[in-house]
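Trainee: I would like to go through this model with you, one point at a time. Please show it first.

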Amino acid sequence: FDFTFIERLQEFGSQIDAKRGVCSSELIAANAKHIRALRKKVDHRASELLACTLSLIDLNKFNVPDLDNLGISFVNGLDINNIAVAGQSLGGASAVTAATYRPDLFSSVVAHDPALDLMPDSARRIMFEERRFEGSRLKYCGGMGGYEESDKYSSKEKKRHIIMHNTASSFHELDILLLYSYQLEKEWGEHLFKIFRRDHIFDMFRRGQLGPRTNSISNCTFVFGSCHNEFADTCMMTPTWLARAIGLTGKRSPHETAQEMAGHTIHFLEEVAKKRQE
């Protein structure tokens, strides 16, 4: 994750608080520019994920000389009909973005504490479709900094939107697991907390607007007592006494929270596999 961005957002929030909700247009513009730069980074990472996925699918069809020379072949050995795309934090946003671009390639999406507000415009428009909030007290209008394009879709987004609708699947037909840490708004700060869009996600989940409308095994839940950083392996590589002292982990053992995250994720993927066999 970009910790410079975290520091800037915390500074942004403190300046707003100091001015009792009033901040300069220059401050907003500077942070909006940084947010949009991160959204471009997520777009790039999603493109890399798709390239890797397509390469794996190709390996199931034909071998490459380097592997052939080693006597290794994956031809007809990969289950390309059950591919999950997964990620954590900014990687979680990248995984969801990749699935919005090419839902036909994946059977499910797993995102651990994803920074969904940092997805590019087209991915956020798909994830947070207006009709998903019909009858809800919540609305989504582009998130922090709003949508970059005033039109509904930019030319690049229109091309992707056409490709998506020409495929057999759509993003909201995929089963989705969104697993969140238990860091609260008061710990993150209001403005940093918003990048996760938990309120919108849990609202969609409660109203049956996350994942397939029927026979869905999508889930959205917390790992109680966990910190955002515990969703990466940094905590397990750092002595627990030190990790707690510098705020990398909370009162729970990072190994314990990792086992709980693994349990949620493995159970979800096993259920997806069963569903596809039925």
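Trainee: Which residues of α4 are buried?
Mentor: This is a predicted model, in which local features need pLDDT of at least 70, side-chain atom pairs count only at pLDDT 80 or more, and totals for chains, interfaces and linings use all residues. Numbering runs from 1 along each chain as its sequence is written, and side-chain values use heavy atoms, with hydrogens and water left out. Buried means under 20% relative accessible area, exposed over 50%, partly exposed in between (1.4 Å probe, protein chains only). In α4 the buried residues are Leu-90, Gly-91, Gly-92, Ala-93, Ser-94, Ala-95, Val-96, Thr-97, Ala-98, Ala-99, Thr-100 and Tyr-101.

Trainee: How far apart are the end C-alpha atoms of helix α4?
Mentor: Helices (H or I, at least four residues) and strands (E, at least two) are DSSP runs, numbered from the N terminus. The expected span is 1.5 Å times one less than the number of residues. For the 12 residues of α4 (90–101) that gives 16 Å, and the end-to-end value agrees: 17 Å.

Trainee: Which element gives the most residues to the largest nonpolar core?
Mentor: A nonpolar core is a set of buried Ala, Val, Leu, Ile, Met, Phe, Trp, Tyr and Cys residues joined through side-chain atoms within 4.5 Å. The largest one has 44 residues, and those with the most contacts inside it include Met-127, Phe-128 and Phe-171. Elements giving two or more residues include α2 (25–59), β2 (108–112) and α9 (198–206). The top contributor, with 7 residues, is α4.

Trainee: Phe-128 is in that list. Leaving aside neighbours within four places in sequence, which residues is Phe-128 in contact with?
Mentor: Contact means heavy atoms within 4.5 Å. By that test the partners of Phe-128 are Leu-116, Met-119, Phe-133, Tyr-140, Arg-197, His-200, Ile-201 and Met-204.
One of them, Arg-197, is also linked in a network of salt bridges with two other residues: Arg-39 and Asp-117.

Trainee: How many salt bridges does a search of the whole structure find?
Mentor: The test is a side-chain nitrogen of Lys or Arg within 4 Å of a carboxyl oxygen of Asp or Glu. Side chains of opposite charge can pair when their charged atoms come close. The search of the whole structure gives 12.

Trainee: How many residues apart are Asp-175 and Lys-275?
Mentor: Their side chains meet in a salt bridge, 2.7 Å from N to O. Asp-175 lies in strand β3 (residues 175–180) and Lys-275 in helix α12 (residues 254–277), so the pair links distant parts of the chain. Asp-175 counts as buried because its relative accessibility is 3%. The separation of the two in sequence is 100 residues.

Trainee: Arg-207 or Asp-203: which one counts as buried?
Mentor: The two form a salt bridge, with the closest N and O atoms 2.8 Å apart. Arg-207 is partly exposed, at 27% relative accessible area. At 8%, the buried one is Asp-203.

Trainee: How far is the nearest cysteine sulfur from that of Cys-235?
Mentor: A disulfide is a pair of cysteine sulfur atoms within 2.5 Å, and the whole structure has 0. Cys-235 is in no disulfide, and the nearest cysteine sulfur is that of Cys-227, at 7.1 Å.

Trainee: What share of the chain's residues is buried?
Mentor: The chain has 12 helices and 4 strands. Of its 278 residues, the buried share is 47%.
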